[in-house]
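Colleague: I would like to learn how to read a model like this one, feature by feature. Could we start from a single residue and work outwards?

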Amino acid sequence: MNKKIVGVLATVIIIGSALAGWLVYRNQQTVPNSLINQGYQTFDARQSDNTMVNHLGISVVLFLSKNSATINGFQPVGKKVI
């Protein structure tokens, strides 16, 4: 019986700590002020000049907000050569 109470108490403490951490840190700023609400995009993957080459092969967009970042990768739409 004693081990069961200790196990339940430990579980409650762990869940309570996780919930408290989530409540404290859920809206904390994780991005520098100069980068908030900024978007960045790689150069077109089809671009062929020597100075700006995208070695990823796809276009990548990075958007930064106050406490999160979103990365989207997509294949650029190109004209078909007949």
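Modeller: Let us begin with serine 65, which sits in the loop between β2 (59–64) and β3 (69–74). Helices (H or I, at least four residues) and strands (E, at least two) are DSSP runs, numbered from the N terminus. This is a predicted model, in which local features need pLDDT of at least 70 and side-chain atom pairs count only at pLDDT 80 or more, while totals for chains, interfaces and linings use all residues. Residues are numbered from 1 along each chain as its sequence is written, and side-chain values use heavy atoms, with hydrogens and water left out.

Colleague: Is serine 65 buried or exposed?

Modeller: Buried means under 20% relative accessible area, exposed over 50%, and partly exposed in between (1.4 Å probe, protein chains only). Serine 65 has a relative accessible area of 17%, so serine 65 counts as buried. Of the 82 residues of the chain, 9% count as buried.

Colleague: Which residues is serine 65 in contact with, leaving aside its neighbours within four places in sequence?

Modeller: Contact means heavy atoms within 4.5 Å. With those neighbours within four places left aside, serine 65 is in contact with Val31, Ile36 and Asn37. A polar contact is a pair of N or O atoms within 3.5 Å; within protein, one must be able to donate a hydrogen and the other to accept it, and residues adjacent in sequence count only if both atoms are side-chain atoms. The side chain of serine 65 makes such a polar contact with the side chain of serine 68, at 2.7 Å.

Colleague: Asparagine 37 appears among those contacts of serine 65; where does asparagine 37 lie?

Modeller: Asparagine 37 lies in the loop between α1 (2–25) and β1, and with a relative accessible area of 54% asparagine 37 counts as exposed. Not counting residues up to four places away in sequence, asparagine 37 touches Phe63, Leu64 and Ser65. Asparagine 37 and phenylalanine 63 are 26 residues apart along the chain, and their C-alpha atoms are separated by 7.0 Å.

Colleague: What should I look for in the backbone of such a loop residue?

Modeller: Most residues other than glycine have a negative phi, and most peptide bonds are trans. Asparagine 37, although it is not a glycine, has a positive phi of about 60°.

Colleague: How many helices and strands are there in the chain, and how are the strands arranged?

Modeller: The chain has one helix and three strands, which follow the pattern α-β-β-β along the sequence. Two strands pair if DSSP finds at least two bridges between them. The three strands form an open sheet in the order β1-β2-β3, with antiparallel pairing. β1 (38–41) and β3 are the edge strands, each pairing on one side only.

Colleague: Which bridges should I trace to follow the pairing?

Modeller: Four bridges join β1 to β2, and glycine 39 has phenylalanine 63 in β2 as its bridge partner. β2 and β3 pair over six bridges, and a hairpin joins them through four residues. In β3, the bridge partner of valine 60 is glycine 73, that of leucine 62 is isoleucine 71, and that of leucine 64 is alanine 69.

Colleague: Is isoleucine 71 buried or exposed?

Modeller: Isoleucine 71, found in strand β3, is exposed, with a relative accessible area of 60%. Leaving aside its neighbours within four places in sequence, isoleucine 71 is in contact with Val60, Val61 and Leu62.

Colleague: How far should I trust these details?

Modeller: pLDDT is the predictor's confidence in each residue, from 0 to 100. Where pLDDT is low, the predicted coordinates should not be read in detail. The chain averages a pLDDT of 78, and 71% of the residues score at least 70. Confidence is lowest in β3, at a mean of 83, and highest in α1, at 91.
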